[in-house]
Amino acid sequence: MKTNTNVLILGGGPAGIQAARYIKNNSPETSVTVVRPEPHSMIYCALPYAIEGLFPLSKTFKSDELLTEFGAELIRDRVRKVDFDDREVELEDGSQIGYEKLLIVTGAVPIRPPLPGIDLENVYTVKSAADVRKIMHRLSGNTDEEIENVSGIKDDLVTVVIGSGAIGIEQATAFRNLGAEVHLVEMRNHVLPNLVDRDMSDVLQKELEDMGINLHLGVSVKELLGDKEAESVVLSDGSHLDLLPGRDLVIAALGMRADVDFLDHDAIKINRDGIVIDNRMRTSVPNVWAAGDCAAGWSIIDGEELSGKLATNAVPMGKVAGKDILGHSAHYPGFINGAATVVGKWRVAGTGFTESFAAHRGLDVYSATDKSTTRFPMMPDAGNVKIKLVVDSKTGRVVGGQIVGSEAVAERIDVITLAIQQGMTAQQLSSLSYSSQPWQTFFPAKNAIVEAATVADSMLESKTAAVG
Ligand SMILES: Cc1cc2nc3c(=O)[nH]c(=O)nc-3n(C[C@H](O)[C@H](O)[C@H](O)COP(=O)(O)OP(=O)(O)OC[C@H]3O[C@@H](n4cnc5c(N)ncnc54)[C@H](O)[C@@H]3O)c2cc1C
C-alpha cells in the first residue's frame with residue numbers, strides 16, 4: 001500500500017516535533033506525516049532520575065498530541081529504506097510513503113566501541129525506555145515488562161560505568177543513590193572532560209569520592225571477560241573489576257552515533273558524525289533535509305566539524321529545517337554546546353571550547369577565573385561558585401566558559417553562551433549590564449562573570465603590552 005504526503009518527517013524526537021509544529025502552524029494546508037517507531041517520544045535527559053526512582057518512567061514519555069494537535073499525521077513504524085530518486089520510503093510493515101520533501105531526524109544511538117566482550121548480556125547502554133526497563137530489571141530482579149520504578153536493588157550489587165561524561169556521571173550517581181557499589185572508569189585524567197578542564201574538576205572528583213563512587217581515571221577498558229555475561233572488566237593499567245554473573249552490570253556511556261544505518265551511504269553524503277548538512281539543514285540530496293542528532297554539524301567558534309548531540313541543538317535545528325522547508329528565511333549558526341549536569345551537591349555547566357579542546361583545535365587561548373558567593377554573602381544558604389572564561393589570545397574573543405557552583409549555574413552559563421554566539425570579547429562581556437537581588441544573584445559589586453571577564457581583559461592588555 002502506498003500513501004503520499006507533502007512533508008515526511010522520519011523521527012519524532014525534539015527536532016522532528018519542532019519542525020512538524022512549525023510547518024503545521026505556518027502552513028496548515030501542508031500535509032505532514034511523522035514516522036516514529038516508539039509508542040511515545042521521550043525526555044531522555046530525565047532517564048537517570050527515573051532509574052534512581054525520583055518518578056515513574058512513564059513521566060519521561062511525551063504525549064503524541066505534541067505532534068497530532070497541530071494536524072500532523074503520526075505513523076508508528078520504522079523506515080527501513082529511502083529511495084531518493086523516486087521520493088518514497090518503505091516502512092518495516094512493507095507499506096510505502098511518497099513525499100515531496102523529506103526531513104530526516106532519526107537521532108542517535110549509543111556507541112558500543114569494538115572492545116572484546118562489549119556485547120556480553122550484562123553490558124547495557126541508555127537511550128530508550130526499553131533500555132531503562134532492562135536496567136531496572138537487572139537492578140531489582142523484578143521482570144515486570146511495564147516496570148516503572150526500582151523499589152530496591154539486589155544485595156551487594158556492583159556496577160561499572162564506562163565513561164564520565166554527563167550521562168555516565170548521572171547513571172553512576174543513580175546507582176550509588178540506590179545503594180550499589182559503583183566504579184566509574186574514565187580514560188582521560190579527569191571527570192567530565194568535554195565539559196570542564198582539569199582545574200575545574202577537582203571538587204567534582206572529591207564529591208564523587210565522598211559519595212562513595214570509586215574513580216578509575218586515566219585508564220581505559222581493554223576488554224570484558226566472561227562467557228554469557230561480563231565477569232571481569234580489564235583496565236589498561238592491568239587491574240580487574242570483578243563482577244558476579246546474574247547480579248552485576250556494566251553501563252557503556254561512551255557517546256552517541258548518528259542513527260543512519262538504514263540510509264544508502266552512496267546516495268546521501270554522510271561523514272563520521274552524521275548526515276552532512278548546510279546552515280539551512282539541507283543535505284546533499286535535493287528536497288531532503290536533516291537535523292538534530294543524526295546530522296553532522298560545525299562549531300560556531302572555528303567553523304570546523306564538531307559533534308553536538310544535545311536536545312538544545314536539536315530544537316533550533318528542527319525549527320530551521322521547518323522554516324527552510326516552507327521557504328522561510330532561516331539559518332543555523334553552528335554548535336556552541338552549552339550544557340549542564342549535577343555532581344552531588346555541585347551544579348556544573350560548560351559552553352564553547354574548554355582550554356584543552358581549544359588547544360587541540362590549534363587555537364591560542366588563555367583563561368581567567370573568579371570565585372564568588374552564589375547569592376549576597378550574608379544571605380542564608382549562600383553557596384560558592386567558580387567561573388572560568390576561555391579567551392582567544394589574538395582577538396580577546398570569549399570562546400568558552402565553565403561554572404561549578406552550589407546553585408543556579410545553568411542560567412549563568414547561558415550568558416556566556418550568548419557572548420560566544422555574539423562573538424563578544426572579554427572586554428565587551430566585562431561591561432555586561434546585570435540585575436541584582438540578595439536571594440537570587442551575585443552581590444552587585446561582585447558579578448563573577450563580569451569579574452572573570454575583567455580579569456581576562458586586563459590579562460590580554462598586559463600580554464599585548466609585553467609584546468609591544
Ligand atoms: C540519557 C540521556 C540524557 C540526555 N541528557 C541531555 C541533557 O541533559 N540535555 C540535552 O540537551 N540533551 C540531552 N540528551 C541528548 C538529547 O536527548 C538528544 O540530543 C535529543 O533527543 C536529540 O533529538 P533528535 O530529535 O535529534 O533525536 P531523538 O530524540 O533521538 O529522536 C529520534 C527519533 O527518530 C526515531 N527513529 C530512528 N530511526 C528511525 C527510522 N529508521 N524510522 C523512523 N524513525 C526513526 C527514533 O526512534 C526517535 O523517535 C540526553 C540523551 C540521553 C540518551
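Helix 7 gives the shell around the ligand its largest share, 3 residues. Helix 7 spans 311–325, and helix 1 (14–26) joins it in supplying at least two residues of that shell each. This is a predicted model.

**The ligand site**

There are 29 residues around the ligand. The nearest of them are Glu38, Val79, Lys127, Asp293 and Leu310. Sorted by class, the shell holds 15 nonpolar, 7 polar and 7 charged residues.

Which atoms of valine 35, arginine 78 and lysine 127 lie by the ligand? For valine 35 it is a backbone N or O atom, 3.5 Å from a nitrogen atom of the ligand. Arginine 78 places a polar side-chain atom 3.3 Å from a ligand nitrogen atom. Lysine 127 brings a polar side-chain atom to 2.6 Å from an oxygen atom of the ligand. How much of the ligand's accessible area does the protein cover? On its own the ligand has 990 Å² of accessible area, and the protein covers 92% of it.

Lysine 127 has another neighbour to note. It lies over the face of tyrosine 44, at 4.5 Å from the ring centre. Elsewhere, arginine 412 lies over the face of phenylalanine 442, and here the distance to the ring centre is 3.8 Å.

**Aromatic pairs**

A pair of aromatic rings is described by the distance of the centres and the angle of the planes. The model has 4 aromatic pairs. One of them joins phenylalanine 353 and phenylalanine 357, with ring centres 5.0 Å apart. Why is this pair edge-to-face? The planes stand at 80 degrees, and the cut-off for edge-to-face is over 60. Phenylalanine 353 is buried because its relative accessible area is 2%, under the 20% limit. Phenylalanine 357 has 27% relative accessibility, so it counts as partly exposed.

Another pair is phenylalanine 376 with phenylalanine 443. Their ring centres lie 5.3 Å apart and their planes are at 80 degrees, so this pair is edge-to-face. What does the pair tie together? Phenylalanine 376 sits in the loop between strand 26 (365–373) and strand 27 (384–392). Phenylalanine 443 sits in the loop between helix 10 (426–429) and helix 11 (448–467). The pair therefore links parts that are 67 residues apart in sequence. Phenylalanine 376 is buried, at 10% relative accessible area. Phenylalanine 443 is partly exposed, at 33%.

Trp298, Tyr332 and Phe335 make up one aromatic cluster.

**Loop residues**

Four residues in loops are set out below.

| Residue | Loop | Relative accessible area |
|---|---|---|
| Phenylalanine 70 | helix 3 (65–68) to strand 5 (73–75) | 27%, partly exposed |
| Arginine 87 | strand 6 (79–83) to strand 7 (88–91) | 33%, partly exposed |
| Arginine 247 | strand 16 (240–242) to strand 17 | 18%, buried |
| Alanine 408 | strand 28 (398–405) to helix 9 (410–421) | 30%, partly exposed |

Arginine 87 is not a glycine, yet its phi is positive, at about 50 degrees. Alanine 408 also has a positive phi, near 50 degrees, and is a residue other than glycine.

Is arginine 247 buried or exposed? Its relative accessible area is 18%, so it counts as buried, the limit being under 20%. Its side chain makes a polar contact of 2.6 Å with the side chain of aspartate 248.

Phenylalanine 70 can be set against glutamate 52. The two are 18 residues apart in sequence. Their C-alpha atoms are 35 Å apart in space.

**Valine 250**

Where does valine 250 lie? It belongs to strand 17, residues 249–252. Its relative accessible area is 0%, so valine 250 is buried. Histidine 183 is 67 residues away from valine 250 along the chain. In space, the C-alpha atoms of valine 250 and histidine 183 are separated by 9.4 Å.

Technical notes: Residues are numbered from 1 along each chain as its sequence is written. This is a predicted model: local features need pLDDT of at least 70, side-chain atom pairs count only at pLDDT 80 or more; totals for chains, interfaces and linings use all residues. Side-chain values use heavy atoms; hydrogens and water are left out. Rings of Phe, Tyr and Trp (its six-membered ring) pair if their centres lie within 6.5 Å; planes under 30 degrees apart count as stacked, over 60 as edge-to-face and the rest as tilted. Buried means under 20% relative accessible area, exposed over 50%, partly exposed in between (1.4 Å probe, protein chains only). Helices (H or I, at least four residues) and strands (E, at least two) are DSSP runs, numbered from the N terminus. A charge sits over a ring if NZ of Lys or CZ of Arg is within 6 Å of the ring centre and within 35 degrees of the ring normal. A residue is near a molecule or strand if one of its heavy atoms lies within 4 Å of it. A polar contact is a pair of N or O atoms within 3.5 Å; within protein, one must be able to donate a hydrogen and the other to accept it, and residues adjacent in sequence count only if both atoms are side-chain atoms. Accessible areas come from the Shrake-Rupley method with a 1.4 Å probe; for residues, only the protein chains shown count as cover. Ala, Val, Leu, Ile, Met, Phe, Trp, Tyr, Cys and Pro count as nonpolar, Asp, Glu, Lys and Arg as charged, and the others, Gly among them, as polar.
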